[in-house]
Amino acid sequence: MSVVPQEESTATVETKMVPIYVMGKRYEVPATLTIMKAIEYAGYKYIRGCGCRGGVCGACSTVYRKPGDYKIYTGLACQTVVEPEMYLTQIPFYPANRATYDFAELTGTPDEINRLYPELFRCVACNACTKVCPMDVQVMDYIAALKRGDIKAAAEISFDCIQCGLCASRCMGELPQYHIAQLARRLNGAYLTPKAEHLKTMCANIEAGRYDKGLAELKGMDLQALRKTYQEREMEPATAGEDWTPQDRSYL
Amino acid sequence: MPYPEELKQLIKKVEATRAVRVERKKKNEEVPFLSLDEREEMLKYHPDVKEEGRRELKVGPSKGYAVAHEMADLLEARSRVEPEKIDLSRVEYETDVLVIGGGGAGTAAALLAQEQGQKVIIATKLRHGDANTMMAEGGIQAADKGHKDSPYFHYLDIMGGGHFKNVPELVETLALKAPDAIRWLESLGCNFSKWPDGTMKTIHGGGTSRKRMHFAADITGAEMMRTVRDEARNRIADIQVVEFSPAVELVLNEHGHCAGAVLYNMETEEYTVVKAKSVVVATGGCGRLHIQGFMTTNHYGATADGIVMGYRAGLGICFLHTVQYHPTGIVFPEQAEGILITEKFRGSGANLVNIDGEQFVNEREPRDIEAAAIIKECVVNGKGVPTPTGKLGIWLDSPMIDMLQGEGTVEKEFPGKHILYERFGIDIAKEPMLIYPTLHYQNGGLDFRSTGETTIPGLFVAGEVGGGIHGENRLMGNSLLDIMVYGRIAGKAAGEYARDNARDGKLTLDHVVKYNKEVQDAGVDGDRISPMILPDYTDPRTREKQLTSHYVGTLR
């Protein structure tokens, strides 16, 4: 049985090579690699600037330029394929201000955000934050929403934020956008969205011991009986709606 | 890169059968699920059954137990640093509870330990939150809709997924504490996907009998991680986070209790001692060992360090003879190889189809069955789709989701993956994805109890590093659950232990001295050291030229 070889063994001698400039220094790397794998290929060993290698952790945000182009481009090193002659540097950390708060004492009003992050109103709507975002989050739009007091909108617009900090690095108002968005999302989740009633009911039922007998039965079964119970358990159909109920309600 | 012409031609075969498959899905006409006997037959194609893939351990508490070579290489190895060189009288950090690992389990543990009135240090290899938790996409299971589900059915599903070999008390606690873990996250402001009245949206996962998979779009783990991390940051007065400083050994005391750890600061290359009244090991999994050469979904630091430290200190291991291969990892484009495609795509209706556009397995079997079926279809049946670099894959037909649930669903429900593919010029709402199984989860781990305790007083275990909950195969959505349920349990227990029961004593690394001797006596290759800490992806030709670099294991 053959297996797919591990990811790092892909570069071969025949691969087409391209030059890239890592912090200004030229290296020849295989043209198909991501920036992260190219930097490793060049001989660097990551300690900082590398995390999930899957595009969600925000450790490897990278800033680069292309020859003959003044524009600053950004991307995640683990997701962006190298381009010939690209000039790049990673920004693995940014010292943005983060407010500390007692979350249980908040209630979800715009005032709370304004008090914790008064710099919110230093935003001049230049949109540099949105332009620099490697996740294409509309950063300026969620900041604008917060200036209007619309926490819910900010929570939704900022949802894909990976907290890499590039927005803060470019901000002339010196806002820590990604920290403010984190607060907005938590306020939205805890205070501006209705709580799940079924969750409270279930927790109370468990507390009251409603399922202990059924679980004891399962734990007491021999393998054969357990397999049979498993095999015969009723399956909720894939297309069933919220109100579906099983035929057998004895262990509910 | 977009699909090349050859693959575009093959996609036409998928499109040719799509309308019929969508109609069948709407009518609940599914490819039949395999019976338990048929499952066993299918598992013969699973990588776990390869005898040549594992060997019996020559040393340690579980001597004679066969695990993957890559894992055995780390366990049959001496310590990174000679224990005699470490001055245990020079304590750099002193705290009540030391949590090793800054992922979901570790952070939940830190919060609960702090709530017992204890000072906490989180020591973590990379940044706080650099963990597999952050990468978990699909969801978190909890039986909390009482009109159709209960912990009884959740328990049954977990056991069936794990081949009925799971440790029952661990499973029972997981199922019973699940709703409370969700409630806790909700109270901390985690944005689960909900209906307007607050009801949680829930869907199926592989091996679930009821729709109990909660999610936060397709970044459930990231949303959970950033929420609990934010909360930990608010408690900075009590919870100190020491980053880029993985633990490399546990420290015991003269009474045989766990009393701290040795940390390695990767940036300054110093080894320092942390003294604590209790310790929680929450170091996660082992994907970066690339077992049997498989690509992995895991984050950069997933190198089984906690297994190594715990094993040296005297904890047994279990269920490490099985490893979870996630059925659907990206196999094309090559740049994204190994990256996880959440099971939620299949839960939302996307079929798996072969090169001829035919289905060959129900897309909601447990993960081991699903992975084995894909490997069989490619390798044995010859119905895999060849990629430009000569690998094989299977189509995951994502465009079905828009046809079933309305235009725009893929983009809205799977924003992360939609953007990822868009960068390569592929619109997954219109074109299917090419996938192959990828190394995903360490089913087994250190022995521990449902109280979070271990056989060593003062040492607690939580999350992927622990073994037994999931038996031989974990179901989707039970890992995010595991880290929250057992992270909270272990944190609370460690906090209470530190407050009420801890016994001070002289620190010692004698267990490491003894282990090193055992390794030497067993005649094991003397150059092997562990824990690994980070994988080595340096090009071998570059490494050959690094003439004055001194490598200790994979690190120079």
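Two strands count as paired if DSSP finds at least two bridges between them. That rule is needed for several stops on this tour of a predicted model.

**Stop 1: strand β5 of chain B**

Select residues 120-123 of chain B, which make up strand β5. Within β5(B), B:Ala123 stands opposite B:Val242 of strand β9(B). Now add residues 239-242 of chain B, the whole of β9. β5(B) and β9(B) run parallel and are joined by four bridges.

Next show the side chains of β5(B). Which residues point one way, and which the other? B:Val120 and B:Ile122 point one way, while B:Ile121 and B:Ala123 point the other way. All of them are buried. In a regular strand the side chains alternate between the two faces of the sheet.

Add residues 91-100 of chain B, strand β4. β4(B) pairs with β5(B) in the parallel sense, over four bridges. One place to check this is B:Val99, which stands opposite B:Ile122 in β5(B). To follow the connection, select residues 104-114 of chain B, helix α4. The chain leaves β4(B), passes through α4(B) and arrives at β5(B), and this β-α-β crossover is right-handed.

**Stop 2: a three-stranded sheet in chain B**

Stay in chain B and select strands β6, β7 and β8. They form an open sheet in the order β6-β8-β7, with antiparallel pairing. The edge strands are β6 (140-141) and β7 (202-203), each of which pairs on one side only. Strand β8 covers residues 213-214 of chain B, and two bridges link β8(B) with β7(B) in the antiparallel sense. For a single pair to display, take B:Thr202, whose bridge partner in β8(B) is B:His214.

**Stop 3: chain B as a whole**

Zoom out and show chain B alone. Chain B holds 17 helices and 22 strands. Its C-alpha trace spans about 70 × 60 × 45 Å along the principal axes. How does the radius of gyration of chain B agree with that of a compact globule? For 556 residues a compact globule would have a value near 24 Å, and chain B, at 23 Å, agrees with this.

Colour by burial if the viewer allows: 64% of the 556 residues of chain B count as buried. Among contacts in chain B between residues at least 6 apart in sequence, 75% join residues at least 24 apart.

**Stop 4: B:Asp230**

Select B:Asp230, which is found in helix α8 (residues 220-234) of chain B. Is B:Asp230 buried or exposed? B:Asp230 counts as buried because 22 C-beta neighbours lie inside 10 Å; the cut-off for buried is 20 or more. Leaving out residues up to four places away in sequence, B:Asp230 touches A:Gln182 and A:Arg186. For a distance across the chain, pick B:Gly338: its C-alpha is 29 Å from that of B:Asp230, and the two are 108 residues apart in sequence.

**Stop 5: where the chains meet**

Show both chains. In total, 83 residues of chain A are in contact with 89 residues of chain B. On the chain A side, the helices that each supply at least two residues are α1 (35-42), α7 (177-192), α8 (197-207), α9 (212-220) and α10 (223-231). Which of the elements gives the most to this side? Helix α8(A) does, with eight residues. Coloured by class, the chain A side divides into 40 nonpolar, 24 polar and 19 charged residues.

**Stop 6: A:Gly55**

Select A:Gly55, in the loop between α1 and β3 (61-65) of chain A. A:Gly55 is buried, with 25 other C-beta atoms within 10 Å. Apart from neighbours within four places in sequence, its contacts are A:Leu76, A:Cys78, A:Gln79 and B:Leu420. A:Arg148 is 93 residues from A:Gly55 along the chain, and their C-alpha atoms are separated by 31 Å.

**Stop 7: the two domains of chain A**

Colour residues 14-90 of chain A as domain 1 and 103-192 as domain 2. The C-alpha centres of these domains lie 28 Å apart. Their contact takes seven residues from domain 1 and six residues from domain 2. On the domain 1 side, strand β4 (residues 73-76) of chain A provides the largest share, three residues. By class, that side has three nonpolar, four polar and no charged residues.

Definitions and conventions: Residues are numbered from 1 along each chain as its sequence is written. Chains are lettered from A and ligands numbered from 1 in the order in which they are written. This is a predicted model: local features need pLDDT of at least 70, side-chain atom pairs count only at pLDDT 80 or more; totals for chains, interfaces and linings use all residues. A residue is buried if 20 or more other C-beta atoms lie within 10 Å of its own, exposed if 12 or fewer, and partly exposed in between; C-beta atoms are placed from the backbone. A crossover is right-handed if, with the strands pointing away from the viewer, the path from the first strand over the helix to the second runs clockwise. The radius of gyration is taken over C-alpha atoms; the globule rule is 2.2 Å times the number of residues to the power 0.38. Two residues are in contact if their C-beta atoms, placed from the backbone, lie within 7 Å. Domain bounds come from an automatic or database domain assignment. Ala, Val, Leu, Ile, Met, Phe, Trp, Tyr, Cys and Pro count as nonpolar, Asp, Glu, Lys and Arg as charged, and the others, Gly among them, as polar.
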